[in-house]
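I open this notebook to keep a record of what I looked up in one structure, entry by entry, with the reasoning beside each value.

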Amino acid sequence: DQDKVPAASIAAALRTRLGRPGREKDLVVVCAAQGVPYSKVESLLDAARHAGAQHIAIATKQKARGSR
């Protein structure tokens, strides 16, 4: 689903969702605002892995054409 989950709650939320029958192979997408240090994103990725996520992606926003 498209629910936003605070970083502090990510592990518990993922354990609950991935623990449901048929959900263990769901794709977990990590999306962070521009400027968030990669170390924080990395800790979210680690939390997702430890919560049992098998498929993880990082969402990025493409720059508009002509912008630098």
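**Entry on salt bridges.** Before listing any pair, I note that a salt bridge here is a side-chain nitrogen of Lys or Arg within 4 Å of a carboxyl oxygen of Asp or Glu. I also note that the model is a predicted one, and that I read each value below as computed from it. With that cut-off in hand, I searched the whole structure and found two salt bridges.

I looked up Asp26 and found that its side chain meets that of Arg23 in a salt bridge, with N to O at 2.4 Å. I then checked the accessibility of both partners: Asp26 counts as partly exposed at 24% relative accessibility, and Arg23 is also partly exposed, with a relative accessible area of 26%.

The other pair I wrote down is Asp46 with Arg49, where the closest N and O atoms are 2.4 Å apart. Both residues lie in helix α2, and I count them as three residues apart, which is about one turn of the helix. Asp46 is partly exposed, its relative accessible area being 30%, and Arg49 counts as partly exposed at 47% relative accessibility. Buried would need a value under 20% and exposed one over 50%, so the 30% of Asp46 and the 47% of Arg49 fall in between.

**Entry on the overall layout.** I stepped back to the whole chain, and noted that the protein has two helices and two strands, which run α-β-α-β from the N terminus on. Taken along the principal axes, the C-alpha atoms fill a box of roughly 45 × 20 × 20 Å. I also looked up how much of the chain is buried, and of the 68 residues 18% count as such.

**Entry on helix α2.** Does the length of α2 agree or disagree with its number of residues? At 1.5 Å a residue, the 13 residues of α2 should span 18 Å, and I find its end C-alpha atoms 18 Å apart, which agrees.

I next asked which residues of α2 are buried. They are Val41, Leu44, Leu45, Ala47 and Ala48. Seen down the axis of α2, these buried residues fall within an arc of 160 degrees, so I record them as lining one face of the helix.

I followed Ala47 a little further, since this residue of α2 is buried, with a relative accessible area of 18%, which is under the 20% cut-off. Ala47 and Ala7 are 40 residues apart in sequence, yet I find their C-alpha atoms 9.2 Å apart in space. Glu42, which also lies in helix α2, is partly exposed, with a relative accessible area of 40%. From Glu42 to Ala7 I noted 35 residues in sequence and 11 Å in space, C-alpha to C-alpha.

**Entry on the largest pocket.** I looked up the largest pocket and found about 840 Å³ of space in it. It is lined by 26 residues, and those nearest its centre are Asp3, Val5, Ile10, Val29 and Val30. When I asked which elements contribute, I found that α1 (10-18), β1 and α2 each supply at least two residues of this lining. By class, I noted 17 nonpolar, two polar and seven charged residues in the lining of the largest pocket.

**Entry on the second largest pocket.** The second largest pocket has a volume of about 410 Å³. I found 13 residues lining it, of which Ala32, Ala33, Gln34, Thr60 and Lys61 are the closest to its centre. The elements that give two or more residues to this lining are α2 and β2 (55-59). For the classes, I wrote down eight nonpolar, three polar and two charged residues in the lining of the second largest pocket.

I closed by looking at Ala33, one of the residues closest to the centre of that pocket. Ala33 sits in the loop between β1 (27-31) and α2 (38-50). Is Ala33 buried or exposed? I find it exposed, because its relative accessible area of 55% is over the 50% cut-off. Across the sequence, Ala33 and Thr60 are 27 residues apart, while in space their C-alpha atoms are 9.0 Å apart, and Thr60 is likewise among the residues closest to the centre of the second largest pocket.

Terms used
Residues numbered from 1 in each chain as written. Predicted model: local features only at pLDDT ≥ 70, side-chain atom pairs only at ≥ 80, totals over all residues. Heavy atoms only, no water. Helix = DSSP H or I, 4+ residues; strand = E, 2+ residues; numbered from the N terminus. Buried < 20%, exposed > 50% of the residue type's maximum accessible area, 1.4 Å probe, protein only. 1 Å grid on protein atoms, 1.4 Å probe; cavity = no way out; pocket = protein on both sides within 12 Å on 5 of 7 lines; lining within 4 Å. Points joined across faces, edges and corners; volume = space filled by probe spheres on them. Nonpolar A, V, L, I, M, F, W, Y, C, P; charged D, E, K, R; others polar. Expected span 1.5 Å × (residues − 1). Arc of directions from axis to C-beta.
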